[in-house]
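Reader: Could you take me through one charged bit of surface on this model and how it sits in the chain? I'd like the cut-offs spelled out too.

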Amino acid sequence: MLVSSHVLSELEEFSDAAVFIEAGTTVSAERVAAARVGRREWRIFSPSPDRLRQVLASLALPPGSSREANGSFYIVIEGGESAAAALLERLVAGGAPVAVFAPAVGELEHTFLDLQQGGR
């Protein structure tokens, strides 16, 4: 079955695969794969935001790579899931209680946004 939609969060719930089209041409599988592992924003929620803020400050993250909104922290991470796992490990080792550590947007939306921003 083929479904075309701009509501990527809903598509992600029932799709097995996606094809991205840009300027009337199918985006290459290699470019889509590269977009999936590039920069990604992760959402972190802690029951102790002050402690999480302290630990994040001690990690010396690059300027502009983190922000705080609606009780959650958002961190931009380069290097895919392995880099995200390493950050989570450092947060926990630093004493930050972490209740949620997850991508800020779904996989399809992340890939689409990366492709739109000229990603790979």
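Author: Let's start with E12, which counts as partly exposed because its relative accessibility is 30%; that label covers everything between buried, under 20% relative accessible area, and exposed, over 50%, using a 1.4 Å probe and protein chains only. E12 sits in helix α1. Helices here are DSSP runs of H or I with at least four residues, strands are E runs of at least two, and both are numbered from the N terminus.

E12 has company: together with E10, E13 and E109 it forms a negative surface patch. Helix α1, residues 8-14, gives the largest share of that patch, with three residues. A patch takes residues with over 30% relative accessible area and no salt bridge, joining like charges within 9 Å and nonpolar side chains (Val, Leu, Ile, Met, Phe, Trp, Tyr) within 5 Å. The areas come from Shrake-Rupley with a 1.4 Å probe, and for residues only the protein chains shown count as cover. A salt bridge means a side-chain nitrogen of Lys or Arg within 4 Å of a carboxyl oxygen of Asp or Glu. Asp and Glu are the negatives, Lys and Arg the positives, with His and the chain ends not counted; each charge is placed at NZ of Lys, CZ of Arg, CG of Asp or CD of Glu.

There's a nonpolar patch as well, about 400 Å², made by M1, V3 and F14. V3 lies in the segment before α1 and, at 38% relative accessibility, is partly exposed.

Now for a Glu elsewhere: E41 belongs to strand β3, residues 40-45, and is partly exposed at 25% relative accessibility. E41 and A84 are 43 residues apart in sequence, yet 9.5 Å apart in space, C-alpha to C-alpha.

Zooming out, the chain has five helices and six strands, running α-β-β-α-β-α-β-β-α-β-α along the sequence. Its C-alpha trace spans about 50 × 25 × 20 Å along the principal axes, and 28% of the 120 residues count as buried.

How far to trust it? This is a predicted model, where local features need pLDDT of at least 70 and side-chain atom pairs count only at 80 or more, while totals for chains, interfaces and linings use all residues. Residues are numbered from 1 along each chain as its sequence is written, and side-chain values use heavy atoms, leaving out hydrogens and water. The average pLDDT (the predictor's confidence in each residue, from 0 to 100) is 83, with 93% of residues scoring at least 70. Confidence is lowest in helix α5, residues 107-116, at a mean of 72, and highest in helix α3, residues 49-58, at 92.
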